[in-house]
Amino acid sequence: MKIKIESKESGKAIAHALFFVKKSIQFSSVLSEKATEQAETVLNGMEEGPFEDLEFLELDGVPTFFVNAAKERGLTSLDHLRMAAYRLAKQAKKKQISCVSLMLADAAPEQLKSIIHGLYYAEYEFDRYKTKKQKSFSVVYEIVVQDQAKEFSKIANDVAIEQASISMARDWINTPGSDLTPSVFVSEAEKIAKETGLKIKVRDIKALQKEGYNGLVTVGKGSQSLPYMVTLEYKPAKASKDLHLALVGKGLTFDTGGISLKPASTMWEMCCDMSGAAAVLGAIRTIALLKLPIHVSAVLCLAENRIGSKAVLPGDIFTAKNGKTVMVDNTDAEGRLALSDGLAEAGLLKATHIIDLATLTGAMVRALGYAVTGFFSNDEKLASKILEAGQTCCEKFWPMPLEEEYADGLKGKFADLQNTGSDAGAISAALFLKEFVPENTSWSHWDIAGTAFVTKPWKYTSHGATGIGVQTLVELARQLGE
Ligand code: BES
Ligand code: ZN
Ligand code: ZN
């Protein structure tokens, strides 16, 4: 796929595309009176029949895609545009139309951004394991603009970079557990560091043991594929000295549950248990390539949770990096143990703001499902920034309470803490993490267990990893850096 921002029609377009939003034709200032009339007929036909939400008809003699950008229930108008662009791109590919002119002359920048995201989502395919690959067909999208060529070209370039990161994150997440082990993930992070010039530090199990990162060691020691912590740093000269954003990601390349084994039916989905680390790596790649003026670190907590003679036993007690002792009463609540070290590491890096992303609890899936990410924060200002950034990026967030009444459930009998609480699964997990958040630090925890991976078509994902989190993290970094 190619996107070309032009100041006049190249004459190569084989078809036009016209978007409808809420009973009106959008971005149509270039239409003739006759074409407007024809378009209105189609629009009415979409509302009342016989037309479908995506039609390919002649408009004033030119083949034209008519795309209804208000089809789905519950989406924002920007997300409707993404979905419309996604459906359009799927059709253009199917019909093998080599050049489509998008009629977007009077689109606002954020509308253009949404549409370009939608076009890219239609490109994503995870066919590495298919012996018969779908034939790829490359469509050129031409967008003719008047005086916004420079601004629109920058938007198109930025979205291309961000979408490449999102696709990488989705590839890592969709890759089966035996093929994306912690050490393979380390090499992916090294490749990103090389590409972007990010500073990188990799700790293997020996270094982790020596330095007391025992949460990650406890989780990962039962597997042949041993655990790692990867720390990446982006520190541009023009960044403020007073703000350091650390992104911490749960990177369980597979979660069997350990000795407290998971049931068989959906265990295969646990290749997605490193979605937090994938999002964080995708975000820092984008932030670095877009040269955003903010100091950002990323901490990936990588391990595989397995059964075996070296695996942690229920009841075992370890001392975490911040000195607290923890009894592992359920080895399937391993994400919070791995993250405890990531949060401690962010503290040692002197982060002023920490955001952790984790496919942490089944309880969050039951609470909010696949469409909304539940998040927690100890800082209201940061929480409202997250909500705002999420909305701009068409990623839905919902604030959850760090309800102290449940904190006693995490008290250990022989140790300071135990890793599961008695009530409210997602809140208990967040309260456990809070025990490891360094003092005087703004922190937010995003439980993406429901939103990271879908098993039925949802928005622009037919099956598998959604790439959730990358965009909101990048947008947040953009806002914090301003
Ligand atoms: N990785 C899972 C959480 C999860 C569930 C992710 C569904 C994606 C989809 C996590 O490690 C886990 O197993 N959590 C347990 C905690 C429980 C034992 C307290 C859970 O939620 O069941
Ligand atoms: Zn688990
Ligand atoms: Zn897990």
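Two residues are in contact here if their C-beta atoms, placed from the backbone, lie within 7 Å. Hi everyone, and thanks for coming. I start with that cut-off because I'll lean on it in a moment. One more thing up front: this is a predicted model.

Let's begin with helix α12, which covers residues 425-434. Nine of its ten residues are buried, so α12 is largely enclosed by the rest of the structure. If you'd like to click along, the buried ones are G425, A426, I427, S428, A429, A430, L431, F432 and L433. So what covers them? The elements in contact with those buried residues include the helices α9 (335-348) and α10, along with the strands β14 (353-358), β15 (372-377), β17 (417-418) and β18 (442-447).

Several of those strands belong to a sheet, so let's go there next. It is an open sheet of eight strands with mixed pairing, and the order is β8-β9-β11-β10-β14-β18-β15-β16. At the edges stand β8 and β16 (396-399). Each of these two has a single partner strand, so one side of each is left without a neighbour in the sheet. Ignoring direction, neighbouring strands of this sheet are turned by 20° against each other on average.

Here is a quick reminder before we walk across. Strands of a sheet pair through backbone hydrogen bonds, either parallel or antiparallel. Starting from the β8 end, strand β8 (residues 199-203) pairs with β9 in the antiparallel sense, over five bridges. You can spot that pairing at I200, whose bridge partner in β9 is L232. On we go to β9 and strand β11 (residues 295-305), which are also antiparallel, this time over seven bridges. There, T231 has V299 in β11 as its bridge partner. How covered is β9 itself, which spans residues 228-234? Mostly covered: six of its seven residues are buried.

Further along, β14 and β18 give us a parallel pair, joined over six bridges. Look for H353, which stands opposite S442 in β18. Two helices pack on this sheet, and α12 is back as one of them. Helix α11 (residues 380-392) touches β14, β15, β16 and β18, and its direction makes about 155° with that of β16. Our friend α12 touches β14, β15 and β18, with its direction at about 145° to that of β18.

There is another open sheet to show you. It has three strands in the order β12-β13-β17, and its pairing is mixed too. Here β12 (317-319) and β17 are the edge strands, each with a single partner strand, so one side of each is left without a neighbour in the sheet. Three bridges join β12 to strand β13 (residues 325-327), and these two run antiparallel. Within that pairing, F318 has V326 in β13 as its bridge partner.

Now for a pair of helices. The axes of α5 (residues 182-196) and α8 (residues 275-289) come within 10 Å and cross at roughly 5°. That angle makes α5 roughly parallel to α8. Where do they meet? On the α5 side you'll find A189, I192 and T196, and on the α8 side L281, R285, A288 and L289. By class, the residues of this contact are five nonpolar, one polar and one charged.

Next, two loop residues. T256 is in the loop between β10 (244-255) and α8. Is T256 buried or exposed? It counts as buried, because it has 24 C-beta neighbours inside 10 Å, and the cut-off for buried is 20 or more. Leaving aside neighbours within four places in sequence, T256 is in contact with L261, K262, M267, N305, R306 and I307. Of those, R306 is 50 residues away along the chain, yet the two C-alpha atoms are separated by 5.6 Å.

E123 sits in the loop between α3 (109-121) and β7 (140-144). With 16 C-beta neighbours inside 10 Å, E123 counts as partly exposed. Its C-alpha atom is 7.6 Å from that of M1, although their positions lie 122 residues apart along the chain.

Last stop, ligand 1. Of the 16 residues around it, A333, T359, T361, G362 and A449 come nearest. Which element gives the largest share of that shell? Helix α10 (residues 362-368) does, with three residues. By class, the shell has five nonpolar, seven polar and four charged residues. That's my tour, and I'm happy to take questions.

How values were computed. Residues numbered from 1 in each chain as written. Chains lettered and ligands numbered in written order. Predicted model: local features only at pLDDT ≥ 70, side-chain atom pairs only at ≥ 80, totals over all residues. Near = placed C-beta within 6 Å. Helix = DSSP H or I, 4+ residues; strand = E, 2+ residues; numbered from the N terminus. Nonpolar A, V, L, I, M, F, W, Y, C, P; charged D, E, K, R; others polar. Buried ≥ 20, exposed ≤ 12 C-beta atoms within 10 Å, placed from the backbone. Pairing = 2+ DSSP bridges. Axes fitted to C-alpha atoms, helices over the stretch in contact; angles between N-to-C directions. Parallel < 35°, antiparallel > 145°, perpendicular 65-115°, else oblique.
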